[in-house]
Amino acid sequence: MFDKSSHTILLTGATGYVGSRLLKLLEGNHTSGAEDNQESTTGRRGTGAGYRVRCLARTPAHLEKRVAPATEVVQGDVLEPETLHRGLRGVHTAFYLIHSMGDSEDFEEIEQRGAENFAEAARSCGVQRIIYLGGLGDEEVELSAHLRSRQAVGEILRSSGVETIEFRASVIIGSGSLSFEMVRDLVEKLPVMTTPRWVSVKAQPISIQDLLEYLQRAIHLPPSESQVLEIGGADRVTYAELMKEYARQRGLRRCMIPVPVLTPRLSSLWLALVTPLYARVGRKLIDSIRHPTVVRDDSALEVFPVRPRGLRRTIAEALKDEDREFAATRWSDASSAGGRRANWGGVRFGKRLVDTRTVRVSVPPALAFGPIRRIGGQNGWYYCNWLWRLRGVMDLLAGGIGLRRGRHSPESLEVGEPLDWWRIEAYEPDRLLRLSAEMKVPGRAWLQFEVTGEADGSRIRQTAIFDPFGLAGLIYWYGVYPFHALIFRGLLREIARRAEVQSGENL
C-alpha cells in the first residue's frame, strides 16, 4: 500500500495543463480552478492531499515559485538520461505527463527516446509504479502520428518492468484546455461555420475534474500487472454536438454547413485562420481528432469509484471556472515552449486577446519595479500622456470615470484602491502589479506588469489583456490596436529607461 508519510511521488510535466492542476491536488491545495470541483459523484473528495511531492523540470527556476514549500524541484530532462537518476531515486510512484504536439517532423522519435530513457532510469532506481496519460484511439486502424506516438510511449513504459498504469483519455474539457479553447474560439467567432468532415466524428469528452480524480486514485491501487485503462465522460458526442452545446450554454445561435471537401490539411489552415493560438499545431490536431476517441473497454469504471460527468455539466463547470482561473493564470506561460507568438492583434485565448511585451534592464528587481509602482495619477503614464488624457475625455463623454480619480498615494499601492480608471487587482511589491479596467469598453480589460530577477539584472513583462463582449468588443480591440501598440511599446520602453536612470542616480 502507498504510505503518504514515507513514499515520494515524482511529477513530470508540472508546468503543463494537466500537470499543474494535479500538482496542487497532490500538495493538498484545493483552492483554485478545477480543483474546487474535485467532489466526485460518489460524494467523496479525491483520495489525496499532502503527499510528499518531487517535480522533475528541465529549468527548475520556472517552477520553484509555483510549488508549495514542502515540494522538491530537481533538474532533469528525459532526453538527457544522466540527469534522471537524482529525480527518480527514492520515488515510489512517478507520473509521466510529458507530451508535445511537436514542431519538428521527428517528434515521434524524440518522444519515444525520452520514454525509453525515463523507463530505464525508473527501473534502475526501483520505482514501483508509473502512471501515464495517453490518448484513446483504435490500434487496429492507421492512427495519426500524434495518437500513434502517445500509444507508443505507453507501450515503452509498460515494457520497462515497472508496473505501469496507462490511462487513455478522450478530449479533455476544462477552462484553459486546448480542446475547450478551440471550441470556444470557433463558436464565439463564427456565427456561420462551414464544417469539415471531422466535426461528425465521435468523441467521449472527459472533464478535467474527472481526469484528475482518476490520476489521483491510481496512486492507491493495489500492486498488480501493468494495464491500459480507457476513460471518457458519460456522453459520446460528435464535435458538432460539442460546439452546439457550448453555443447553447452561451446563448449563441450558430449555423453549421457541412463541407466534405475540406481535407485535414485544408482544415488545419482553416483552423489556423480562425484560432491563431493553434496555428502551429493545427495539422497534428486535425489529424488526431478525425479519429473516433471513444471508450470501448469500460473496465476503469469497475476499478475506480469515479462516475464521470456528462457533457452539459462538464461545459457548465468549465465556463464557471473560467473567471476564477483567469485571475490566477500567468498569461506569459499560457502557450507551449515552441514557436514565437504573433504580436499583431495579440494572442487569442478563446475569445480573450493579449498583447505581451518584455524588456531586460541591468538593475535589480526593486529598482526595475520602481517606475511601475509610481505609475499613473500625478506621475502620468510616462509616454504619450496626451493620448491617455484624450482617452480619459472620451471615457467621460461616454459616461465613464475618465482619469479624474488619480491614485491615493504617489509612492504606495494597495489592492482594491483606484488608480485613474483602473483598480488595483493584485499587487506584490517589486514583483507584480495587475490593474483591472473600469473605463467604458465593450468587454473586460486588464494591464499587468511583472518583474523577475536575472543574473545580470531584471526582466520586465508588460501584458495587456482584453476579453471582448461580442462583435463590438472585437471591433474595438482591432480598431484601437495601432494606438495600443504605440502606447504600450513606448510605455514599456520608458519604464525601462526610468529604471536605468534611477539606478544611475543611486550610485
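This report describes the cores, salt bridges, surface and backbone of a predicted model.

Residues are numbered from 1 along each chain as its sequence is written, and side-chain values use heavy atoms, with hydrogens and water left out. Because the model is predicted, local features need pLDDT of at least 70 and side-chain atom pairs count only at pLDDT 80 or more, while totals for chains, interfaces and linings use all residues.

## Nonpolar cores

In soluble globular proteins, nonpolar side chains tend to be buried together. A nonpolar core is here a set of buried Ala, Val, Leu, Ile, Met, Phe, Trp, Tyr and Cys residues joined through side-chain atoms within 4.5 Å. Buried means under 20% relative accessible area, exposed means over 50%, and partly exposed lies in between (1.4 Å probe, protein chains only).

The largest nonpolar core has 43 residues, of which Ile372, Trp381, Trp422, Leu433, Phe449 and Ile460 touch the most other members. Among the elements that give two or more residues to this core are strand 15 (352-361), helix 12 (365-373), strand 19 (443-454) and strand 20 (457-468). Helix 14 gives the most to this core, with twelve residues. Helices (H or I, at least four residues) and strands (E, at least two) are DSSP runs, numbered from the N terminus.

Leu433 has contacts, defined as heavy atoms within 4.5 Å. Not counting residues up to four places away in sequence, Leu433 touches Phe369, Ile372, Leu413, Ile424, Ala426, Tyr427, Leu447, Gln448 and Phe449. A second, separate core of 37 residues includes Ile9, Ala57, Ile206 and Leu229.

## Salt bridges

Side chains of opposite charge can pair when their charged atoms come close. A salt bridge is a side-chain nitrogen of Lys or Arg within 4 Å of a carboxyl oxygen of Asp or Glu. The structure holds 27 salt bridges, including the three in this table.

| Pair | N to O distance | Place |
|---|---|---|
| Glu27 and Lys24 | 3.9 Å | helix 1 (residues 17-27) |
| Glu213 and Arg217 | 2.8 Å | helix 6 |
| Arg296 and Glu230 | 3.9 Å | loop between helix 9 (282-289) and helix 10 (300-303); strand 11 (residues 227-231) |

Glu27 and Lys24 are separated by about one helical turn, because they are three residues apart in helix 1. Both Glu27 and Lys24 are buried. Glu213 and Arg217 are likewise separated by about one helical turn, being four residues apart in helix 6. Glu213 counts as buried at 1% relative accessibility, and Arg217 counts as buried at 8%. Their helix is mostly covered: ten of the ten residues in helix 6 (residues 208-217) are buried.

The pair of Arg296 and Glu230 links distant parts of the chain, 66 residues apart. Arg296 counts as exposed at 52% relative accessibility, whereas Glu230 is buried with a relative accessible area of 12%. Asp210, Arg309, Arg313 and Glu317 are linked in a network of salt bridges; Asp210 is one of the buried residues of helix 6.

## Surface and cysteines

Trp386, Leu390 and Met394 make a nonpolar surface patch of about 340 Å². Patches are made of residues with over 30% relative accessible area and no salt bridge, with like charges joined within 9 Å and nonpolar side chains (Val, Leu, Ile, Met, Phe, Trp, Tyr) within 5 Å. Accessible areas come from the Shrake-Rupley method with a 1.4 Å probe, and for residues only the protein chains shown count as cover. Met394 lies in helix 13 (residues 385-397) and is partly exposed, with a relative accessible area of 47%.

Ala70, in the loop between strand 2 (52-57) and strand 3 (72-75), counts as exposed at 76% relative accessibility. The C-alpha atoms of Ala70 and Glu27 are separated by 8.3 Å, although these residues are 43 residues apart along the chain.

A search of the whole structure finds zero disulfides, a disulfide being a pair of cysteine sulfur atoms within 2.5 Å. Cys125 counts as buried at 18% relative accessibility, and Cys384 counts as buried at 17%.

## Backbone

Most residues other than glycine have a negative phi. Asp420 has a positive phi of about 55° although it is not a glycine. Asp420 lies in the loop between strand 16 (418-419) and strand 17 and is buried, with a relative accessible area of 3%. Asp430 also has a positive phi, near 65°. Asp430 is placed in the loop between strand 17 and strand 18 and is partly exposed, with a relative accessible area of 32%.
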